[in-house]
Amino acid sequence: MSQVVQVAVAVAMGLGILFIGRWGIRLLATPAPEEIDRDDVIDVEAPFICTVCGLRLTVTHAQGEDVEAPRHCREEMEPATFGD
Ligand SMILES: [Zn+2]
């Protein structure tokens, strides 16, 4: 192997290690979400059903009217109605 190729491989490996290291540090440095303001939490009534196992749950408190569907069985739950 010529020296030019060896240097190119070494530089590529060095860059790879550098990028993986930076990614790992950024992952660890990401702060936890800020604590919520309890005054922003309102009463809601949003029923959800898990399409995989049939589990139902109702979200009773949330930050705002738009309730993000929770996940169960690794799938996003579907909005349900109380009559179902
Ligand atoms: Zn489920």
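This passage walks through the predicted model from its overall shape to its helix, its sheet and a few individual loop residues.

The protein contains 1 helix and 5 strands, and reading along the sequence gives the pattern α-β-β-β-β-β. An automatic or database assignment divides the chain into domain 1, residues 1–30, and domain 2, residues 38–79. The C-alpha centres of these two domains lie 43 Å apart. The overall dimensions can be read alongside that separation. Along its principal axes, the C-alpha trace spans about 75 × 35 × 15 Å. The radius of gyration is 24 Å, whereas a compact globule of 84 residues would have a value near 12 Å. Burial was examined as well: of the 84 residues, 2% count as buried. Among the contacts with a separation of 6 or more, 30% are made by residues 24 or more positions apart.

Helix 1 covers residues 3–29. How does the span of helix 1 compare with what its 27 residues should give? At 1.5 Å a residue, a span of 39 Å is expected, and the end C-alpha atoms are 38 Å apart, so the two values agree. None of the helix is buried: the number of buried residues among the 27 is 0, and helix 1 therefore lies largely in the open. G24, a residue of helix 1, illustrates this setting. G24 counts as exposed because it has 10 C-beta neighbours inside 10 Å, and the cut-off for exposure is 12 or fewer. Its C-alpha lies 18 Å from that of A12, and the two residues are 12 apart in sequence. As general background for reading such a helix, an α-helix has 3.6 residues a turn, so residues three or four places apart point the same way.

Attention now turns to the strands. Three of them form an open sheet in the order 2-1-5, with antiparallel pairing. Strand 2 and strand 5 (78–79) stand at the edges with a single partner strand each, so one side of each is left without a neighbour in the sheet. Strand 1 (residues 41–49) is joined to strand 2 (residues 56–63) by 7 bridges, and the two run antiparallel. Within this pairing, I42 has A62 as its bridge partner in strand 2, while I49 is partnered there by R56. Strand 1 also runs antiparallel to strand 5, to which 2 bridges join it. Here I49 appears again, with E78 as its bridge partner in strand 5. I49 thus has a bridge partner in strand 2 and another in strand 5. In general terms, strands of a sheet pair through backbone hydrogen bonds, either parallel or antiparallel.

The connection between strand 1 and strand 2 is a hairpin with 6 residues between the strands. In its turn, G54 has a positive phi of about 85°. L55 also sits in the loop between strand 1 and strand 2. Is L55 buried or exposed? It is exposed, because 12 other C-beta atoms lie within 10 Å, and exposure is assigned at 12 or fewer. Leaving aside neighbours within four places in sequence, L55 is in contact with C50 and H72. The C-alpha of L55 lies 9.6 Å from that of C73, a residue 18 positions away in sequence.

C73 leads to a second loop, the one between strand 3 (71–72) and strand 4 (75–76). Which backbone feature marks C73? Its phi is positive, about 50°, although C73 is not a glycine. R74 is placed in the loop between strand 3 and strand 4 too, and its phi is near 65°, again a positive value in a residue other than glycine. C73 is exposed, with 12 other C-beta atoms within 10 Å. R74 is likewise exposed, with 6 other C-beta atoms within 10 Å.

Taken together, the predicted model shows a helix that lies largely in the open and an open sheet of 3 strands with antiparallel pairing. The helix falls at residues 3–29, and the domain assignment places residues 1–30 in domain 1 and residues 38–79 in domain 2.

Notes:
Residues numbered from 1 in each chain as written. Predicted model: local features only at pLDDT ≥ 70, side-chain atom pairs only at ≥ 80, totals over all residues. Pairing = 2+ DSSP bridges. Helix = DSSP H or I, 4+ residues; strand = E, 2+ residues; numbered from the N terminus. Buried ≥ 20, exposed ≤ 12 C-beta atoms within 10 Å, placed from the backbone. Rg over C-alpha atoms; globule rule 2.2 N^0.38 Å. Contact = placed C-beta atoms within 7 Å. Expected span 1.5 Å × (residues − 1).
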